Amino acid sequence: MIIEGKHYRTVWFDQDTNVVSMINQIKLPFEFEIVHFSDYRQTAEAIRNMTVRGAGAIGATAGYAMAQAFVETEDWELRQEARDFIENTRPTAVNLFYATAKVFEAGRASVSEAIGMAQMIADEDADGCQRIGEYGNTLIQHKQRILTHCNAGWLAFVDYGSALSPVYAAHNAGKQPFVYVDETRPRGQGARLTAYELFQNEVEHRIIADNAAAFYMAKGDINMVITGADRITANGDVANKIGTMEKAILAKEFGIPFYVAAPFSTIDFAMESGALIPIEERDDEELLYHEGPDEQNTIHKVRMASPGSLGLNPAFDVTPAKYIKAFITDKGILKPDELKQFQ
Ligand code: MRU
């Protein structure tokens, strides 16, 4: 992705120094900062504290962290300990587990195989997302108005993104898409990250409150919905950022096609249905406080909920397959019941 004229990936690995570098997504959109991590524990911590987030990006980062661990120690017990440590950072996005398993298996041959696998996972993520853009673009008509939820753009992957990749492809093809960006409470990945990406790419968009989608759907202003996914089960159910399910139900009510864009690394064929997906519960501070800069650019955290009250903060919900018109994948556009044939 191009930021101020320079191409960046969201996360990358220098195998000569064993350092993982990434864009610090905690500071975006107010500050663009690159951070560097020289051991697997630091890299895993960056997943846990959401310096890096989004299914593909945490998958690539977890693969890199696993490779770092192989460089750091030859002891198989410690390598297993490292794998457990990395896998205990965030439970829902399956890309993380896909990457640690692949790098760990490759590492049985040699350290350089582990590193090669980690690099390959990141490259495949970027290539797959580019293909998602090409396939998804075929669904987008001139001047279509698209609703998206959370951030499933290039920041959530190594490059291009999933839900936003078709939007970028359509934009580059001159179709002038317009994007309604759900703010995505409580962390605001839509208002902060999706809006930042679209602004950088000069795609026309507006941030809307999470509860405004029905209003625009009822007016006939939204032509299609595209979201990402953190885990897709064998039957086509989808875990994605909290609030996705209600958008899917609304879309069905208003006869608007609801698409889920994701690479095959997000499909968990070993899990039969969405009821089995572990859902991350996050700190209620994300809900009860807001964070942002004052006019001097100093970041402040302010409480916005009644003092003394506690919150509940599930990070994801599960959209049943019946609400999904199709998946936009790196292997083409597939109906929920067509996924299994690729198992
Ligand atoms: O909690 P996050 O920010 O890591 O959430 C993951 C997501 O970015 C979304 O659920 C997204 O829509 C799918 S991941 C590309």
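Here is a short chat about how some features of this predicted model get their labels.

Me: How do you know that β11 and β16 pair?
Reply: Two strands count as paired if at least two bridges are found between them. Strand β11 (residues 238-241) and β16 are joined in the antiparallel sense over four bridges, so they pass the cut-off of at least two. Two of the positions are easy to find: Asn 240 has Asp 317 as its bridge partner in β16, and Lys 241 stands opposite Phe 316.

Me: What makes β13 and β16 edge strands?
Reply: Look at the order of their open sheet, β13-β10-β11-β16, where the pairing is mixed. β13 (267-268) and β16 each have a single partner strand, so one side of each has no neighbour in the sheet.

Me: Which way do the side chains of β16 point, and are they buried or exposed?
Reply: Phe 316 and Val 318 point one way, while Asp 317 and Thr 319 point the other way. That fits the general pattern: in a regular strand the side chains alternate between the two faces of the sheet. All four of these residues, 316-319, are buried, which means that each has under 20% relative accessible area.

Me: Why are β3 and β5 called edge strands?
Reply: Their open sheet runs in the order β3-β4-β5 with antiparallel pairing. β3 (11-14) and β5 (34-37) each pair on one side only. The twist from one strand to the next averages 20°. For β3 and β4 (residues 19-23), the link consists of four bridges, and Trp 12 is found opposite Ser 21 in β4.

Me: How do you know that the length of helix α2 agrees with what it should span?
Reply: With 18 residues (55-72) at 1.5 Å a residue, α2 should span 26 Å, and its end C-alpha atoms are 26 Å apart, so the two values agree.

Me: Why is α2 described as largely enclosed?
Reply: Of its 18 residues, 16 are buried, so the rest of the structure largely encloses this helix.

Me: What makes Lys 241 a polar contact of the ligand?
Reply: The cut-off for a pair of N or O atoms is within 3.5 Å. A side-chain N or O atom of Lys 241 is 2.6 Å from an oxygen atom of the ligand, so the pair qualifies. Gln 189 also has a side-chain N or O atom 2.9 Å from a ligand oxygen, and for Gly 54 a backbone N or O atom lies 3.0 Å from one. The ligand exposes 400 Å² when taken alone, and the protein buries 100% of that.

Me: Which residues come nearest to the ligand?
Reply: Of the 16 residues around it, these are Arg 53, Arg 90, Asp 230, Asn 240 and Lys 241.

Notes:
Residues numbered from 1 in each chain as written. Predicted model: local features only at pLDDT ≥ 70, side-chain atom pairs only at ≥ 80, totals over all residues. Heavy atoms only, no water. Buried < 20%, exposed > 50% of the residue type's maximum accessible area, 1.4 Å probe, protein only. Expected span 1.5 Å × (residues − 1). Near = heavy atom within 4 Å. Polar contact = N/O pair within 3.5 Å; in protein donor to acceptor, adjacent residues only side chain to side chain. Areas by Shrake-Rupley, 256 points an atom, 1.4 Å probe, with all protein chains shown as cover. Axes fitted to C-alpha atoms, helices over the stretch in contact; angles between N-to-C directions.
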